[in-house]
Amino acid sequence: ARYERVYSRKPFVAPRVSMDNVIRSIVGHRPFRPSGFVVKGEKFDDKLIVHNYGHGGGGITLSWGSSALAVRETLGMEKGEAAVIGGGVMGLTSARLLQDAGWKVTIYTKNVARHAVSNVAGGQFSPASVYDRDKATPAFLSQLNWAARISHHAQTNLGGPDYGIRWIENYCLRDRPTSREANNDGVDDLFPYKHEYQPGEHPFPSPYVRVNLTMMVEPATFLRRLTEDFHQAGGTLKIRDFKDRGEVLSLDENVIFNCTGLGAKALFGDEELTPVKGQLVFLPPDLDVDYLTIGGGEELLYMFSRSDAIVLGGTSKKGDWSTHAEAEETARIVAGHQRIFAGFG
C-alpha cells in the first residue's frame with residue numbers, strides 16, 4: 001500500500017538500513033542526575049562558581065534556557081572577566097550569553113567542541129531523559145519548563161542551515177493511542193501540528209503512530225557555529241584539564257561557570273551524577289528520508305534523518321562508564337530498525 005503523510009503530503013520513504021551501510025558507531029555519556037540538572041551560584045571566598053550541569057539527554061534542547069538561568073546569577077554584578085569551564089553546548093551557550101551581557105569570557109576546556117560529549121547527540125529538540133519522575137521537585141519541574149521555553153525561543157530565532165536547525169516531522173510509534181496524553185513535560189504546546197494515525201493508516205509495525213513537528217539541531221553544525229560566534233565576540237578558548245576544585249579556584253577570574261557535565265562529579269563532589277551510556281549508529285545521509293521516528297521496539301529505538309547522516313539509536317545504560325561501541329548493540333539497533341521499516345513499499 002502507498003501511504004501519504006498527512007502534514008507534508010509526501011509518501012513515506014524508508015531509510016536503507018543494513019549492516020553493510022553502517023559508517024561507524026560512536027559512544028557518549030549523558031550526565032544524568034535523577035533529581036534533575038543543577039543551576040545555582042556558590043560562593044568560595046571571593047569566587048562565585050555558577051553551576052550549570054547535569055542535563056542528561058536534554059543538553060542541546062535545554063542549552064540556551066539553562067544557560068540563561070545560570071547567567072541570571074550574575075545580575076547586579078559589575079561586568080568584568082568570567083571563566084567558563086567546559087566547551088560543550090552548555091559551556092558555549094553560557095559563554096555567548098555572558099558576552100551578550102557585557103562580560104569578557106575565556107572558555108577552559110579539556111576537549112574542543114567536536115570532541116565533546118555534546119557532539120555525540122541525536123539532536124532532536126525534546127526535553128528527554130533529563131530526570132526521574134519520582135525524584136523531581138515542583139521547583140525543578142518549573143525550572144525545566146522555563147529552560148525549555150527559553151531554549152525553544154532561542155532555537156527558532158537561529159533556524160536555518162547556518163546553525164543546523166530545521167523543522168521536521170517526528171513519528172512516535174506506540175501500542176496504544178497517545179493523542180490525549182500529556183507529554184513533553186508540560187511543554188507540549190511547543191510542538192506544533194499533531195495527528196494520530198490509526199491502525200492501517202501508516203506503514204509502521206506499531207498500531208498507533210503520533211506525528212508532530214519538532215526541531216532537528218545538527219550538533220556538529222550548531223557547535224561549530226557557536227564556537228565561531230564566541231571567537232568573533234572576542235572570546236578566548238584555552239585547552240586545560242582541571243584535576244580538582246582547587247585548580248578551578250586558582251583561576252584569575254572571580255566569576256567561574258561550571259559547565260563540566262560529568263566532570264562535576266569529581267571537581268565538585270556531586271555524587272548524584274551518573275553516566276548514561278548512549279550508542280549511535282551512523283548510515284549515509286538520505287535526503288528522501290525527511291522525518292524522525294521514536295519507538296517501535298521492545299527497547300529504545302530512534303531514527304533521526306540529518307544532513308550528515310541517518311542516525312540510529314539507541315542505548316541507555318545507567319552507570320556504564322565504558323567508552324567502546326558494542327558490536328551487539330550495533331546489531332540490535334540495526335535489526336530493530338530493519339523491522340520498523342520492513343512494511344514500507
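Between which two strands does the loop holding Tyr193 lie? Tyr193 sits in the loop that connects strand S6 (165–174) with strand S7 (194–197). The model is predicted. The points below cover a mixed open sheet of 6 strands, the helices H1 and H2, the surroundings of Thr61, the cysteines, and some backbone features.

**The sheet**
- An open sheet is built from 6 strands, which follow one another in the order S2-S3-S10-S4-S5-S9. The pairing in this sheet is mixed.
- The edges are taken by strand S2 (38–44) and strand S9 (236–239). Each has a single partner strand, so one side of each is without a neighbour in the sheet.
- Ignoring direction, neighbouring strands of this sheet are turned against each other by 20° on average.
- In general, strands of a sheet pair through backbone hydrogen bonds, in either a parallel or an antiparallel manner.
- The pairing of strand S5 (residues 104–109) with S9 is parallel and runs over 4 bridges. Within this region, Tyr108 is placed opposite Lys238 of S9.

**Helix H2 on the sheet**
- Helix H2 comprises residues 89–100 and lies across four strands: S3 (47–53), S4 (81–85), S5 and S10 (255–258).
- Relative to S5, helix H2 runs at about 170°.

**Helix H1**
- Helix H1 spans residues 59–71 and has a bend of about 35° at Gly65.
- Of the 13 residues in H1, 12 are buried, which leaves the helix mostly covered.
- Among the buried residues of H1 are Trp64, Leu62, Ile60, Leu69 and Val71. The bend residue Gly65 is also buried.

**Thr61 and its surroundings**
- Thr61 belongs to helix H1. Its relative accessible area is 2%, so Thr61 counts as buried, the limit being under 20%.
- Leaving aside residues up to four places away in sequence, Thr61 touches Gln124, Phe125, Ser126, Pro127 and Ser151.
- Two of these neighbours offer backbone atoms to the Thr61 side chain. The side chain of Thr61 reaches the backbone nitrogen of Ser126 at 2.8 Å, and a polar atom of the same side chain is 3.3 Å from the backbone oxygen of Gln124.

**Cysteines**
- The number of disulfides is 0, taking as the rule a pair of cysteine sulfur atoms within 2.5 Å.
- Cys172 is buried, at 13% relative accessibility. Cys259 is buried as well, with a relative accessible area of 8%.

**Backbone features**
- Most residues other than glycine have a negative phi, and most peptide bonds are trans. The following places depart from these patterns.
- Arg9 is not a glycine, yet has a positive phi of about 60°. Arg9 is in the segment before strand S1 (24–32). With a relative accessible area of 63%, Arg9 is exposed, because exposed means over 50%.
- Tyr193, also not a glycine, has a positive phi of about 55°. Tyr193 has a relative accessible area of 29% and is therefore partly exposed.
- Gly313 and Gly314 are joined by a cis peptide bond, with omega at about 20°. Gly314 lies in the loop between strand S14 (310–313) and strand S15 (317–318).

Methods:
Residues are numbered from 1 along each chain as its sequence is written. This is a predicted model: local features need pLDDT of at least 70, side-chain atom pairs count only at pLDDT 80 or more; totals for chains, interfaces and linings use all residues. Side-chain values use heavy atoms; hydrogens and water are left out. Buried means under 20% relative accessible area, exposed over 50%, partly exposed in between (1.4 Å probe, protein chains only). Two strands pair if DSSP finds at least two bridges between them. Axes are lines fitted to C-alpha atoms, for helices over the stretch in contact, and angles run from 0 to 180 degrees between N-to-C directions. Contact means heavy atoms within 4.5 Å. The bend at a residue is the angle between axes fitted to the seven residues ending there and the seven starting there. A polar contact is a pair of N or O atoms within 3.5 Å; within protein, one must be able to donate a hydrogen and the other to accept it, and residues adjacent in sequence count only if both atoms are side-chain atoms.
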